[in-house]
Structures are given as C-alpha cells and as structure tokens.
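Biologist: I am new to this structure and would like to learn how to read it. Where should we begin?

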Amino acid sequence: MNYRMAKVIVDVPSRETDRPFDYLIPESMAGWIEVGSRVGVPFGRRTVQGFVVSLHEQPEMDRSRMKAIQELLDMTPPLPPDLVELAEWMSRKYACSLISALQAMIPAALKGKAERYIRVTDADGEGLSEEGSTDASDSLYPLPRLVTPEEEEILAFVRASDTVTMTQLGARYPEAASLIKDMLARGVLTESQAIKDKVRKKTVKTVAAAVSGQAAQEALASFGPQARRQKEVLEFLLELSLPLSLQEVLSTLQVTAGTVKKLVEKGFAVIEDVEVFRDPYQGRRFQRSEPLTRTPEQEQVYHRLTESLDAERHEVFLLHGVTGSGKTEVYLQTIECCIASGRQAIVLVPEISLTPQMVERFKGRFGAKVAVMHSRLSTGERYDEWRKIREGRVEVAIGARSAIFAPFNRLGLIVMDEEHETSYKQEETPKYHARDVAVMRARQHGAAVILGSATPSLESYHAARSGGGDYGEFAPVLLEMKQRPSGSQLPGVQIVDMREELKEGNRSMFSRALHQGIAARLERGEQTVLLLNRRGYSTFVMCRTCGYVAGCPDCDISLTYHQKSNNLRCHYCGYAEVAPSVCPECGSEHIRYFGTGTQRVEGELAKLFPGIRVIRMDVDTTSEKGAHEKLLQAFREKKGDVLLGTQMVAKGLDFPDVTLVGVIAADTALNFPDFRSAEKTFQLLTQVAGRAGRHQLPGEVFIQSYMPEHYSIVHASGHDYLSFVREELKTRKTLHYPPYSRLILVTLSHEKLPLLLRMAENFAGDLRVKAQRQGWFGSLDRFAPAALDILGPVASPIPRIKNRYRFQCMVKYRGELDAVGLVRETAAATLDQLRDAMLQISIDVDPQMLM
Ligand code: ADP
Ligand code: ZN
Ligand code: ZN
C-alpha cells in the first residue's frame with residue numbers, strides 16, 4: 001500500500017487543535033511513516049511535534065494547499081497502533097485531548113520541542129528555508145554585501161560550526177538579539193526548525209579489528225620495534241574478535257588512545273559508536289529467588305489463572321487475599337507461565353515507596369528480563385528502560401501507574417497490586433485511572449488482568465459480586481486467599497480509646513498500652529512500626545494569642561511550615577515567605593510552629609525513651625533519590641528501633657523482627673467530607689496491621705482512636721473485610737454514591753468571582769436542560785434505570801488557587817448514558833459563549849480526590 005497522506009495529532013494544547021490535521025507524506029519518507037510515528041510538522045509559522053494516527057491514500061483536500069511532514073523523528077514508531085487506539089478511547093472516556101493521552105504514553109525524553117537552527121546563507125541561496133523571505137527564484141538577487149564588523153563576527157561564529165541553535169547563538173551574543181533578527185530578515189542568516197529530543201541515546205566508543213586471516217598476519221608483521229604497543233593491541237583485538245569498549249581496552253592493556261588511533265589510521269582497526277542502555281540497577285546484585293511450592297490455596301488460584309492464560313482469554317480477576325497470604329508469589333509464578341508462552345507482562349505497583357522490595361523480588365526471579373519504570377529514575381534512565389520494552393529486550397515491566405502504557409506487542413498479563421490505592425488515579429490531565437486503562441488494554445490483547453488486594457476497592461468488589469455492577473464495564477472473577485503460608489496468625493488488634501486516656505489524665509499522644517508495648521520491644525530487641533495518618537496533620541503556623549493562621553495571599557489555604565529552610569510555603573502555587581518570629585496581626589511572640597506530625601511524634605519518643613533510635617519516613621526525609629531504600633535498608637539492618645512515618649510505612653514492607661504496630665491517630669481522616677473516608681481509613685488500618693508478626697514472632701497492633709466505635713475501625717481491628725463492605729455498601733446505596741452511581745466533577749475557575757459564578761450557573765443550567773432533553777435528568781432517588789443529577793455549583797473545597805476562584809458541579813449518574821459526552825459538549829458550549837481564555841473548565845471523570 002502506498003500512503004500519500006497522514007493524519008497527525010499535533011502537540012499544541014488547545015481546544016481548537018484537538019483534532020487530526022492532514023499532511024502529505026514526502027516521497028523520501030514513504031514506507032517509513034506508520035501509525036504511531038512521531039513527526040515534526042509545520043504548524044502555522046512553527047514546527048511542532050505530532051503523532052500519526054492514520055494513513056490514507058488520497059488526500060481529502062487540494063494537494064497544493066497541503067503541507068508536508070517535515071521530519072520523521074524515530075525509525076521505529078514510539079507508539080504501536082494499539083496504544084494509538086487506546087489514546088482515542090481515553091480521550092472519550094476521560095474527556096481529555098488526544099494529544100494529552102498520547103503524551104502520557106511516551107517517556108519524557110521523547111517530548112521533543114522545536115529548536116531553531118541558524119546557519120549562514122550560502123552565496124547561491126542554498127540553505128534558505130522555504131518559508132524564508134527569499135525562495136529559490138530569488139537567488140538571482142545578490143546577497144546584501146554590507147556587513148558590519150560586528151555582524152562579521154557573528155557570521156564567523158556560526159560558520160565555524162556550520163549550524164548553531166538559536167539558544168547557543170543567544171547565549172554567545174546576549175546583547176545582539178535585534179541584530180540577529182535583522183540578519184535573519186535580510187537573509188544573511190537562515191533559520192530552520194527541527195524537533196529536538198530532551199535526551200539522546202547513550203553511546204560508547206568501541207574498537208574492533210578491521211582485518212582478519214591473511215591480512216591480519218600481514219598487518220602484525222608490519223609493525224616495527226617502536227610500534228610494539230600497537231601490535232599488542234591488534235593481537236588482543238584479533239584474539240577476542242569482538243568489538244570491545246575502547247575504555248576497557250585502554251585500561252586493560254595500559255595503552256593510550258593515540259596508540260589505538262594509529263591502528264585505525266592504518267586501517268587495521270575501527271572505532272564505532274555503539275548504543276548502550278543506562279542501567280539504573282547497574283552493579284546491584286539481586287538474590288536469586290526460586291519459585292516456592294504452592295500452598296493448596298495458592299494452587300487453586302494459580303490453576304484458575306494459568307488456565308485463562310493458556311486459553312489466551314481476556315479475563316479480569318480480583319484476587320482478594322489477606323496481607324501476607326502469598327499474593328506476590330502467585331503473581332511471580334503466573335508471570336512465569338505467561339512469559340513461557342512468549343507473551344509479556346506488566347506489573348503495576350502503587351507508589352515508589354513500595355517498589356524497593358517488590359523490585360527486588362521481581363529482579364530476583366526474572367533478572368535482566370525486567371524493566372523498571374520508576375518515577376525517581378532520571379529522564380535518560382527511564383527512556384532506556386522504555387526502549388528495552390519497545391525493542392523487545394525484556395518481558396516484564398514493573399512500575400507505577402504509567403507503566404500501564406509499556407509498549408509491549410504481545411501482552412499476556414497485567415497485574416495490579418494493591419488495586420484499591422488512590423495513586424492509580426492520575427490527578428493531572430489526562431485524569432485516567434490505571435485500573436480502567438488496564439482492563440481496556442488487556443481487552444485489546446486478549447490478556448488477563450489480576451487485581452490484587454487485601455482490601456479491594458468497593459467498586460471492584462461490587463463488580464465481582466454482582467457480575468459487572470451497574471455498568472458491566474468489567475466483571476472480575478473473584479479469587480480468595482484467606483491464610484498465610486507461614487501459618488502465622490493475623491496479629492491481634494486492640495483499639496485504644498483515647499478519650500479514656502484523657503479522662504485518666506494521660507495527655508501524651510501515646511496511650512499507656514502503646515507506651516508499654518514500645519518499652520517491651522526495646523527491652524527484647526524487637527522492632528516497632530508507628531503510623532501517623534498524615535491527612536489529619538498539617539504543619540501550619542498559629543498565633544496562640546489571637547488565633548492568627550498564616551495563609552497564602554493567592555490561595556485560600558494555610559501555608560505549610562518547612563523546618564529545613566525556616567520558611568512558609570503554599571503547596572498549591574509555590575508561594576514562599578520567611579517564617580515570622582512575631583505575629584503579623586497582633587505582634588505577639590507566642591506564635592507557634594507546628595512541625596510535621598511525624599517530627600512531633602519523633603520529639604515525644606525521644607523524651608519518653610531516651611536513646612531510642614527512630615527512623616523517620618515522611619515527605620521531608622524521602623525527598624532525595626534513593627532515600628526510601630536507604631531508610632528501609634537501615635531499618636532492616638536493625639539500625640533503628642522504630643520506623644515512624646506516614647502512609648508510606650503502611651504497605652508492602654516485610655520485616656521479620658517487627659512485632660508491634662501502633663497507629664497514633666486512626667481517625668483523623670474520618671471526618672473529612674469525602675464519601676470514601678471510611679473506606680480509606682479501613683484500608684490503611686488493615687494494611688498497617690498486616691505489617692506485624694509476619695514471620696515466627698507473633699505480632700501485636702494498637703489502634704489509638706477518638707472514635708473507637710466507628711465501623712471502619714471496629715472491622716479493621718477484626719480483619720473483617722466482608723463486614724466492613726456490607727456496612728459501607730449500605731451507606732453508599734442510600735446516598736447514591738459509587739459503586740451505585742458514577743461521578744463527574746467539573747471545576748470552573750476564573751479570576752473574577754461574579755463572572756465565574758454566572759458562568760458556573762450557566763453551565764449547570766445548560767447541562768440540566770440537555771439532560772432533560774435526553775430524558776435523563778432527575779434525582780437518583782427515583783426508580784429509573786438511568787438518571788442524572790447535578791449538584792452545585794458550589795465553591796470548591798479550596799475556593800481559590802493562584803488567585804483564581806473555583807466553583808464546582810458534581811454530576812452523579814446511573815445507567816447506560818453518555819454523561820461524559822454530554823458534560824464535555826456543555827463545557828465546550830460554555831467556553832464558546834464567553835470566549836475568554838481566562839475561563840477554565842476541568843473535567844474529572846470518576847474523581848478520587850474530592851477535597
Ligand atoms: P502478599 O503479597 O499477599 O502480602 P507475599 O507473597 O509477600 O504475600 O507472601 C508473604 C510471605 O509468605 C513472604 O515472606 C513469602 O516469601 C512467603 N510465601 C509466599 N508463598 C509461600 C509458599 N508457597 N510457601 C512458603 N512461603 C511462602
Ligand atoms: Zn497574634
Ligand atoms: Zn498559594
């Protein structure tokens with residue numbers, strides 16, 4: 001097939017450009033351009049990056065008016081066709097632009113931007129761009145000859161390296177901007193644009209013998225006595241008959257680069273640049289781990305999973321297994337089966353903090369077959385891990401959310417560990433949920449999906465129990481594991497009523513029970529994990545005399561105190577100021593800095609247990625690359641008695657000597673205006689309780705709470721997922737919350753409050769009318785298979801960010817109706833009506849963050 005035209009999605013983020021544009025395929029690129037190719041195309045006066053989404057034989061419009069693709073950026077398209085198709089699905093499902101979906105799928109290294117290249121115009125006009133002031137026919141005109149000495153210097157600079165980028169030129173002559181502009185206008189200098197990637201492939205110089213057989217013998221005979229070293233090098237190269245790293249040859253034989261260069265000049269050896277992969281785990285050894293003999297429970301689950309894999313069926317499984325029931329071992333063995341049949345697997349893990357132990361287990365089992373896609377890698381490292389996948393050098397990819405886009409071509413299995421975690425939802429555009437994307441991708445490939453958790457999300461669990469829930473999007477097969485292979489019992493959990501402690505005169509943040517527990521561990525040389533529910537603690541500054549709280553001038557939110565730099569910062573806009581020493585309102589000196597919750601707990605521990613070794617893990621201590629791993633390693637080596645931290649200590653960790661887990665304030669998140677508060681609290685408590693007594697030593701857990709009778713705390717203490725779910729589903733059903741409805745959160749923002757309010761009202765009114773016309777509008781209380789309700793507009797939980805006011809509407813709906821399409825259409829109409837670029841409307845489908 002000979003394609004002449006390509007439809008291209010361009011990297012220009014605007015509503016008007018969110019559609020394919022037509023470009024001719026130049027003869028020279030015919031056969032190279034494919035669906036998923038990354039190209040540079042002229043767009044207006046610029047060159048921009050774009051992705052080919054389809055190919056056509058006949059242009060739909062007059063050829064002479066069409067522009068041609070300017071450059072092809074990669075030999076292999078970065079996106080296989082199934083990912084392009086997936087992007088189209090994402091754009092419909094999440095009401096996002098196609099370019100944002102496509103960009104989410106490629107590594108940052110390939111987010112190229114146009115660079116302006118400058119060269120000196122040749123005498124015959126060569127090098128003039130087509131869009132330049134002069135085209136070929138103008139070359140009859142002599143070039144302006146009058147060039148000032150200053151200009152001559154610039155010309156000499158450019159000529160010296162043939163082509164320079166505008167950035168380089170600007171850096172060399174920072175004062176000459178208008179002069180350079182003028183030289184471009186007069187045609188003395190010529191400009192062209194091309195896409196430049198952020199990161200290049202890494203190469204090393206290699207050297208190899210260029211002669212063999214008879215010629216090699218003659219070469220060896222030709223060296224005189226003063227060329228002894230050259231001879232040695234050639235002998236070495238001939239012996240190994242492989243290209244060797246130049247650096248290695250130099251250091252092994254203790255020769256200089258000059259010696260090798262002479263061999264090259266004589267034609268006896270060649271030096272070549274060879275592409276290499278940066279390996280973030282270079283030099284790390286992973287303990288080889290062999291598959292364990294499956295327990296009967298694991299066997300049942302494994303059998304069911306591999307049966308599905310063998311049949312190459314698309315099936316979704318929800319693996320509900322208590323903490324420590326051996327889910328990870330099941331993943332490993334199922335993946336083994338998947339890759340044995342020549343297909344590939346993706347493993348999703350919630351957060352970077354979880355990855356060290358997971359990565360070790362996967363590297364230990366599959367070695368170099370694993371690519372790790374982890375947000376803390378450098379752009380170059382990430383790019384290389386991605387290329388290993390694209391080029392088929394690995395069979396397993398493990399990573400957070402975005403690893404779901406790993407460009408495998410024969411995907412057999414997707415594992416999503418801790419499937420209930422909110423980090424699987426991306427909070428920036430495209431606001432996708434990796435679970436839904438996983439199911440869709442698996443469907444494309446006829447692959448299986450395993451959603452694993454000790455505390456599945458209510459959405460997944462309900463879908464499994466009701467055969468697809470109310471939407472039928474996916475109906476997972478429920479698989480269960482209730483025992484731990486080690487035979488160890490789930491730890492006993494005690495709820496400590498903190499109100500009682502206060503009544504008894506204990507004002508400390510530690511109950512007497514937890515205090516004694518820690519003391520006992522210190523005595524026995526065992527370890528303790530302490531969790532502080534981060535969401536309840538903020539680190540604000542408050543005046544104890546007048547109650548003043550330092551707030552951001554541009555956002556309606558209090559500033560956060562950073563001890564290290566002694567300043568106050570806004571987490572939404574980045575505003576920062578020096579922490580005051582007296583109250584700006586009343587001048588009082590009683591202005592207090594409440595350090596991070598964990599810092600306060602650390603201080604208290606030091607007071608109560610002199611000499612205690614605390615390893616603190618929170619945003620402050622883990623901001624550096626590799627910090628997590630180091631802290632965990634230190635704890636594993638028993639360099640700490642207590643591991644203290646926020647959410648990040650709750651999951652995935654497995655330490656044999658941890659026998660006590662304490663939750664400092666279990667219920668700080670229960671009062672949040674988020675319908676998932678109870679669910680999140682239950683999940684967190686269950687997870688952290690699962691950290692204790694995983695091995696020989698029995699574990700003990702204390703949950704401190706001011707609401708000890710709350711069902712999420714009671715059921716978490718009993719490790720009773722089913723009772724929790726039963727109770728929680730009842731509430732959700734009464735209030736029409738997911739999984740009994742779906743939500744779309746629409747946020748409108750503008751600098752002018754009255755205008756914003758009017759537009760928000762318009763939007764909601766318009767949406768109501770449209771829904772009514774479809775026969776959808778109405779309360780979800782009515783008995784009807786399809787219904788759509790609109791709540792709001794109301795001010796957003798954070799009513800102002802970066803000086804922009806925010807209002808939101810919550811769309812709640814049920815049944816088979818295209819609510820996303822309707823919301824998107826209404827938002828577009830609202831924007832068209834105002835035609836003011838200051839108005840922004842953001843659409844969040846299936847929102848996870850409600851505050
Ligand atoms: P989960 O992922 O469900 O929390 P893991 O896979 O981490 O559980 O298993 C918990 C512990 O049990 C680990 O130390 C693991 O090595 C061990 N384990 C898992 N499966 C087996 C088995 N079949 N036989 C013996 N030990 C096992
Ligand atoms: Zn004050
Ligand atoms: Zn701010």
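Modeller: Begin with what a polar contact is: a pair of N or O atoms within 3.5 Å. Keep in mind that the model is predicted. In this model, an oxygen atom of ligand 1 is 2.6 Å from an N or O atom in the side chain of threonine 328, so the pair falls within that cut-off.

Biologist: Which atom of arginine 361 lies 2.8 Å from an oxygen atom of ligand 1?

Modeller: A polar side-chain atom of arginine 361 does. With glycine 326 the partner is a polar backbone atom, 3.0 Å from an oxygen atom of the ligand. On its own, ligand 1 has 550 Å² of accessible area, and the protein covers 77% of that.

Biologist: Which residues come nearest to ligand 1?

Modeller: The shell holds 16 residues, and Thr293, Gln298, Lys327, Thr328 and Arg361 come nearest. By type, the shell has seven polar, six charged and three nonpolar residues. Helix α11, residues 327-340, gives the most to the shell, with three residues.

Biologist: Next, the database records. Which residues does UniProt list for "binding site"?

Modeller: An annotation of this kind may be inferred rather than shown by experiment. The UniProt entry, which is unreviewed, lists Cys543, Cys546, Cys583 and Cys586 under "binding site". These four are spread over 44 residues of sequence, yet they cluster in space, with a largest C-alpha distance of 8.7 Å.

Biologist: Is cysteine 543 buried or exposed?

Modeller: The word buried is used under 20% relative accessible area. Cysteine 543 has a relative accessibility of 1%, so it counts as buried. Its place is in strand β21, residues 541-543. Beyond four places in sequence, cysteine 543 touches Tyr548, Cys583, Cys586, Ser588, His590 and Ile591.

Biologist: And where does cysteine 546 lie?

Modeller: Cysteine 546 lies in the loop between β21 and β22, the latter being residues 560-562. At 39% relative accessibility, cysteine 546 counts as partly exposed. Apart from neighbours within four places in sequence, cysteine 546 is in contact with Cys583, Glu585 and Cys586. Two of the listed cysteines, Cys583 and Cys586, are thus among the contacts of cysteine 543 and also among those of cysteine 546.

Biologist: How do I read a whole helix for burial? Take α2: how many of its eight residues are buried?

Modeller: Go residue by residue, with the same cut-off of under 20% relative accessible area. In helix α2, residues 98-105, seven of the eight residues are buried, and the helix is mostly covered. The buried ones are Leu98, Ile99, Ser100, Ala101, Leu102, Gln103 and Met105. Their cover includes strands β1 (5-10) and β4 (46-56), along with helices α1 (81-93) and α13 (379-390).

Biologist: What about a single residue in a strand, such as leucine 660? Which residues is it in contact with?

Modeller: Contact means heavy atoms within 4.5 Å. With neighbours up to four places away left aside, the contacts of leucine 660 are Leu514, Gly517, Ile518, Arg521, Gln527, Thr528, Val529, Glu700 and Phe702. Leucine 660 lies in strand β28, residues 658-663, and is buried, with a relative accessible area of 0%. One of the contacts, arginine 521, is 139 residues away from leucine 660 in sequence, while the C-alpha atoms are 7.6 Å apart.

Biologist: Now the backbone. Which residues does a cis peptide bond join in the loop before α14?

Modeller: For a cis bond, look at the omega angle. Threonine 429 and proline 430 are joined by a cis peptide bond, with omega about -10°. Proline 430 lies in the loop between β16 (411-417) and α14 (434-445). Another cis bond runs from proline 738 to proline 739, with omega near 10°. Proline 739 is found in the loop between α22 (721-735) and β30 (742-750).

Biologist: What is phi for glutamine 254?

Modeller: Phi of glutamine 254 is near 55°, a positive value in a residue other than glycine. Glutamine 254 sits in the loop between α8 (246-253) and α9 (257-265), and at 61% relative accessibility it counts as exposed. Histidine 719 also has a positive phi, of about 50°, although it is not a glycine. Histidine 719 is in the loop between α21 (711-717) and α22, and with a relative accessible area of 24% it is partly exposed.

Methods. Residues numbered from 1 in each chain as written. Chains lettered and ligands numbered in written order. Predicted model: local features only at pLDDT ≥ 70, side-chain atom pairs only at ≥ 80, totals over all residues. Heavy atoms only, no water. Helix = DSSP H or I, 4+ residues; strand = E, 2+ residues; numbered from the N terminus. Buried < 20%, exposed > 50% of the residue type's maximum accessible area, 1.4 Å probe, protein only. Near = heavy atom within 4 Å. Polar contact = N/O pair within 3.5 Å; in protein donor to acceptor, adjacent residues only side chain to side chain. Areas by Shrake-Rupley, 256 points an atom, 1.4 Å probe, with all protein chains shown as cover. Nonpolar A, V, L, I, M, F, W, Y, C, P; charged D, E, K, R; others polar.
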